[in-house]
Amino acid sequence: MAEEKEMVSIYIMGKQYRVPYGVTIMKAMEYAGYRFIRGCGCRGGFCGACGTVYRKPGDFRLKVGLACQTVVEDGMHLTQIPFYPANKATYNLEELTPTLATLLRHYPEMTRCLGCNSCTRICPQELQVMDYMAAAQRGDIAKAAHMSFDCLMCGLCASRCPAEIVQYNVALLARRLYGRHVAPRAEHLARRVEEIKAGKFDAEIERLMKMDRLELQKLYDARDIEP
Amino acid sequence: MYTPEMLESIKIVEQTRPRRLKESFPRLTPEEKDRLLRSFHPDHMPDAQRPVRVGPNKGDKMPHEHVDLLESRSVLDPDTFPLDRVDYDVDVLVIGGGGAGTSAALMAQEAGASVLLATKLRHGDANTMMAQGGIQAADKENDSPAIHYLDVMGGGGFSNIPELVAALVLDAPLCIQWLESLGCMFSKFPDGTMNTIHGGGTSRKRMHFAHDYTGAEIMRTLRDEARNRGIPVLEFSPAVELLTDEHGQCAGAVLFNLETQQYLVVRARTVIIATGGCGRLHIGGFPTTNHYGATADGLVMAYRAGAKLIFLEATQFHPTGVAFPEQILGQLVTEKVRGLGAQLVNAAGEQFVYPLETRDAVSSAIIRECKERGKGITTPSGRQGVWLDSPMIDIIHGKGTIERELPAMVRQYRRFNIDMTQHPILVYPTLHYQNGGILINERAETGVPNLYVAGEASGGVHGRNRLMGNSLLDIIVFGRRAGTNAAARAKTVQLGRLTLDHVRRFHEELAREGLLGQRTAPILLPDYRGRIV
């Protein structure tokens with residue numbers, strides 16, 4: 001029951017606001033009077049729009065979180081990083097091979113990696129960013145793809161990288177290469193597409209389209225359900 | 001960090017679990033389902049809806065939140081807004097940068113059309129990015145588009161438009177193949193066979209997925225491809241009004257740059273509305289799974305231009321929205337959790353509904369369990385919920401299944417010190433999907449010449465209730481159809497003068513009904529300032 005809510009102080013780009021204890025940074029900023037244009041997307045931890053960095057007094061450590069998923073702490077000094085310039089290569093996936101050479105051709109700056117782990121430390125999804133970049137540098141497309149899969153492309157890693165690499169774009173290329181050129185094609189899918197193009201199901205669908213509600217209901221109720 | 005009381009409640013769930021693992025709750029008969037929906041579904045609550053008094057659907061009942069928007073005036077003054085300077089002139093204007101809009105843009109460009117994609121926030125900020133569970137397609141041996149057709153029809157209450165369902169199920173395998181060829185990392189077996197599971201209301205395991213980031217995987221792939229192909233994208237530039245010419249054809253749109261507060265005039269031979277859903281209208285006062293920009297803009301603009309709407313009285317509530325912790329209230333807990341075997345359990349530790357009934361039925365059952373039967377669990381802030389017994393998944397499928405198949409869910413709860421592999425999670429229905437929308441035909445055309453709609457903003461394909469996995473399918477199928485067809489049509493379109501005549505006529509109709517007030521629409525973004533939502 002929320003009668004007298006406990007309040008805490010947060011500092012939005014240096015300016016102090018009193019906000020209710022226990023709310024997320026996003027909701028605290030709105031409570032304080034902000035109406036987001038940048039820095040707010042899905043509000044559910046999936047889109048990477050609300051990457052936020054913060055520090056607390058007496059602690060030099062830089063912390064990070066998604067504003068929509070991170071609860072405010074008393075004394076939090078925060079700012080959002082809604083955008084960071086990022087090098088994105090242009091490519092035609094069809095023409096590429098899933099190799100180290102492909103990654104290097106599009107993102108040659110990959111080789112400047114210092115192994116400093118700043119990217120891993122800043123990732124709000126707690127991904128092993130440096131490790132997937134290491135896999136990429138070995139040409140292990142599959143590993144880079146799988147390890148980076150939960151990446152939201154929020155851009156915080158790129159903002160911290162002293163070698164000016166955009167890790168999430170390298171990872172995206174690795175994933176697309178994997179999906180297109182490494183993972184085996186689904187044979188059953190290709191067969192079904194051909195069957196449909198040949199009109200195998202047209203007659204049956206047309207019959208169903210003409211049925212009235214009662215007929216459809218009977219068929220529907222009689223469906224056998226795959227266990 | 002569950003409270004001590006909640007941990008006590010969880011103990012009861014754990015006690016009944018061994019028995020429940022062998023238990024299967026009976027499915028509802030059609031009569032039981034009908035009674036359940038009529039008594040407990042939020043759509044059927046008295047005073048939830050009223051008839052709209054102007055426009056093509058005059059007299060039709062819909063939720064107040066929709067009617068309020070449809071009976072509002074434009075943000076533009078049709079008598080004074082200058083249309084002499086045209087900022088962009090294209091074959092195809094796509095309004096909305098989610099899965100449907102991006103698919104449309106790709107296909108339109110492939111067909112040789114000049115394309116402009118305008119979106120409210122960033123390219124990819126859409127409900128597509130958050131879709132978790134999967135995308136349906138009948139591509140397995142034991143399945144066929146005809147069986148998929150039946151599932152869709154039954155799920156929709158048999159009100160679905162047959163041509164739209166036929167298009168959906170016949171295009172489905174091709175759309176999956178298209179995504180596969182673009183490099184989408186669908187979860188597969190080592191030989192390449194797609195890993196597919198059940199969703200609510202399906203009779204075959206045809207839900208394709210990419211862990212539980214299916215929508216994100218599709219969205220970032222499509223977005224990357226659009227960028228590679230150099231498709232012009234205007235971010236932070238929502239449309240606020242369509243343009244028509246003196247013959248009543250759609251002729252483009254007026255965009256509003258949210259950051260510079262400037263208007264832009266786009267002349268376009270065809271327009272594709274792909275503006276998505278309406279969750280941020282908080283229909284019925286419910287929290288929502290939707291993204292920040294889901295404010296039904298496309299419905300308002302199309303309605304003023306003369307497009308008919310359908311099935312807006314049927315709102316989809318997702319049965320399992322987060323009920324605790326409060327910080328992430330209303331966020332989605334994917335149906336896949338139930339698809340993998342987790343049961344819904346009340347305060348007495350008992351099941352009360354078959355977990356994979358259609359969403360309207362499960363939502364109503366949860367509401368009944370809490371409101372009428374008093375068997376919900378109450379959170380510290382006074383909200384109600386029921387348990388979703390997630391630990392059952394690892395027991396059924398082996399340790400590590402939850403971590404592997406539901407990484408987004410695990411991460412979401414771990415941020416708040418809840419381990420869903422060890423403890424059940426608390427859920428309650430949340431506003432999720434707009435079942436209806438702007439009526440289209442199988443070519444994604446509306447009744448307004450040159451105006452197309454694809455995705456959640458459209459209506460007819462899902463009838464009164466969408467099945468899980470058919471929304472991600474809808475956006476690809478009809479996004480592609482809209483893009484291809486709009487590009488073809490653009491070749492023969494002859495546009496007249498750009499006007500806002502349709503807005504003037506709409507204002508006149510509002511005035512005649514005594515409804516011309518100060519409230520404007522579209523609202524573009526919800527306003528949460530000064531409060532905690």
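**Exercise 1. The sheet of chain A**

Task: State in which order the 5 strands of the open sheet in chain A are arranged, and find which strands stand at the edges.

Solution. In this predicted model, the order of the open sheet in chain A is E2-E1-E5-E3-E4, and its pairing is mixed. Next, look at the ends of that order. Strand E2 (15-20) and strand E4 (59-66) of chain A each have a single partner strand, so they stand at the edges and one side of each lacks a neighbour in the sheet. Finally, consider the twist: ignoring direction, neighbouring strands of this sheet are turned by 35° against each other on average.

**Exercise 2. One strand pair**

Task: Determine in which sense E3 and E4 of chain A pair, and name the bridge partner of A:Tyr54.

Solution. Strands of a sheet can pair in a parallel or an antiparallel way, through backbone hydrogen bonds. Strand E3 of chain A, residues 51-56, pairs with E4(A) in the antiparallel sense, over 5 bridges. For A:Tyr54, the bridge partner in E4(A) is A:Lys63.

**Exercise 3. Two helices from two chains**

Task: Describe how H8(A) and H6(B) pack, and classify the residues of their contact.

Solution. Packed helices are described by the angle and the distance between their axes. Helix H8 of chain A (residues 187-197) and helix H6 of chain B (residues 162-181) pack at about 140°, and their axes are 9 Å apart. Only angles over 145 degrees count as roughly antiparallel, and H8(A) and H6(B) are therefore oblique to each other. The crossing of H8(A) with H6(B) is left-handed.

Now list the residues:

- H8(A) contributes A:Leu189, A:Ala190, A:Arg192, A:Val193 and A:Ile196.
- H6(B) contributes B:Leu170, B:Pro173, B:Leu174, B:Ile176 and B:Gln177.

Sorted by type, the contact of H8(A) with H6(B) has 8 nonpolar residues, 1 polar and 1 charged.

**Exercise 4. Two domains of chain B**

Task: Give the bounds of the two domains of chain B, and find which element supplies the largest share of the side of domain 1 that touches domain 2.

Solution. Domain 1 of chain B covers 4-40 + 316-431, and domain 2 covers 88-138 + 204-314 + 435-505. Their centres, taken over C-alpha atoms, are separated by 33 Å. In the contact, 22 residues of domain 1 meet 21 residues of domain 2. Elements that each supply at least two residues of the domain 1 side include strand E13 (315-322), helix H10 (359-371) and strand E17 (425-434) of chain B. The largest share, 4 residues, comes from E13(B). By type, the domain 1 side divides into 8 nonpolar, 9 polar and 5 charged residues.

Note on methods
Residues are numbered from 1 along each chain as its sequence is written. Chains are lettered from A and ligands numbered from 1 in the order in which they are written. This is a predicted model: local features need pLDDT of at least 70, side-chain atom pairs count only at pLDDT 80 or more; totals for chains, interfaces and linings use all residues. Two strands pair if DSSP finds at least two bridges between them. Axes are lines fitted to C-alpha atoms, for helices over the stretch in contact, and angles run from 0 to 180 degrees between N-to-C directions. Angles under 35 degrees count as roughly parallel, over 145 as roughly antiparallel, 65 to 115 as roughly perpendicular and the rest as oblique. A crossing is left-handed if the near helix is turned anticlockwise from the far one by less than a right angle, and right-handed if clockwise. Two residues are in contact if their C-beta atoms, placed from the backbone, lie within 7 Å. Ala, Val, Leu, Ile, Met, Phe, Trp, Tyr, Cys and Pro count as nonpolar, Asp, Glu, Lys and Arg as charged, and the others, Gly among them, as polar. Domain bounds come from an automatic or database domain assignment.
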